[in-house]
Amino acid sequence: MCVTCGCSSESHDHDHSHSHDHSHSHDHSHSHDHSHSHDHDHSHGASLKLRRGVTTTLKLERAILGKNQRLADQNRAWLAARASVAINLMGSPGAGKTALLEAIARYAPELPFLVVEGDQATERDAQRIRSAGRRAIQINTGTGCHLDAHAVAHGLEALAPEPGSRVILENVGNLVCPALFDLGESARVVVLSVAEGDDKPLKYPHMFRACDVLVLNKIDLLPYLDFDVERATAEAKQLKPELRVFQVSATRGDGMAAFCAWLSGVGASP
């Protein structure tokens, strides 16, 4: 089980070996709760159990994220040794992540990229990328709601990217948990479809703070939707002022040239 988000998947099983991380001394600050044990208020006992449970969960969460971070750093170094970089592509189901990748293949055929596809089940998205003429490997997470660095490491080894490649990691559709896990990427992109509503940045702030780029997708639908582009952009930049925003239509091609130009520069020397 992934205690960070409550999901469970095979890719997290290896993290349980890190139970020794539970010895963090600062968690002993909770010991003062024991001084109230003489109270006969049963609700207090329930509260005490809750605090102990939260403390244990936080310790395990730190262990999981710590192990993931070490693996992510190894992925980054592995890619750097091959003069390649990874881009973590995140967003809700239906935001148009896979369609965006198909559009990159269509509008920037010279851009060298390959894809690690993350979904709970099926190979449908990987098949779409292959049909677009790019190499892709599918990672199915089962009940897991995000990719982690361990799974991505196996995907990278299987893909064996050529020098100078952009490896795009299409994460499991989710605006919450994927933002917590470094995969070894050099940049993070969140795709927000205008069909999802313009209130998403403030409702899911960690995702938008964690990303370098916001892609507002499906702008060809704006005439038919009540979506305030200025509001969504302003609220996203309120969370992260340096956030770059691209307005695109993956199906029609609007804005794709600018986004592909940004993508080709990821990892380039300043």
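A residue counts as buried when its relative accessible area is under 20%. By that cut-off, buried residues make up 50% of the 270 residues in this protein. Keep in mind as you browse that the model is predicted. Its secondary structure consists of eight helices and seven strands, and here is a friendly tour of how some of them fit together.

**Overall picture**
- The accessible surface of the protein comes to about 12800 Å², and carbon and sulfur atoms account for 54% of that surface.
- If you take the contacts between residues at least 6 apart in sequence, 73% of them join residues at least 24 apart.

**The sheet**
- Seven strands form an open sheet in the order β3-β2-β4-β1-β5-β6-β7, and their pairing is parallel.
- At the edges you will find β3 (136–140) and β7 (244–247), each of which pairs on one side only.
- From one strand to the next, the twist averages 20 degrees.
- Strands β1 (residues 85–91) and β5 (residues 187–193) run parallel and are joined by five bridges.
- To look at this pairing up close, find Asn88, which stands opposite Arg188 in β5.

**A helix across the sheet**
- Helix α4 (residues 149–159) lies across β2 (113–119), β3 and β4 (166–170).
- The direction of α4 makes an angle of about 155 degrees with β3; angles over 145 degrees count as roughly antiparallel.

**Helix against helix**
- Two packed helices are described by the angle between their axes and the distance between the axes.
- For helix α2 (residues 97–107) and helix α8 (residues 256–265), the angle is about 90 degrees and the axes are 10 Å apart.
- Since 65 to 115 degrees is the range for roughly perpendicular, α2 and α8 are therefore roughly perpendicular to each other.
- On the α2 side, Leu100, Ala103, Ile104 and Tyr107 take part in the contact, meeting Met256, Phe259, Cys260 and Leu263 in α8.
- The residues of this contact divide into eight nonpolar, no polar and no charged.

**Two backbone spots to check**
- Ala160 has a positive phi of about 45 degrees, although this residue is not a glycine.
- Ala160 belongs to the loop between α4 and β4, and is partly exposed at a relative accessible area of 46%.
- Lys218 is also not a glycine, yet has a positive phi of about 65 degrees.
- You can locate Lys218 in the loop between β6 (213–217) and α7 (229–239), where Lys218 counts as partly exposed at 25% relative accessibility.

Technical notes. Residues numbered from 1 in each chain as written. Predicted model: local features only at pLDDT ≥ 70, side-chain atom pairs only at ≥ 80, totals over all residues. Heavy atoms only, no water. Axes fitted to C-alpha atoms, helices over the stretch in contact; angles between N-to-C directions. Helix = DSSP H or I, 4+ residues; strand = E, 2+ residues; numbered from the N terminus. Parallel < 35°, antiparallel > 145°, perpendicular 65-115°, else oblique. Contact = heavy atoms within 4.5 Å. Nonpolar A, V, L, I, M, F, W, Y, C, P; charged D, E, K, R; others polar. Buried < 20%, exposed > 50% of the residue type's maximum accessible area, 1.4 Å probe, protein only. Areas by Shrake-Rupley, 256 points an atom, 1.4 Å probe, with all protein chains shown as cover. Pairing = 2+ DSSP bridges.
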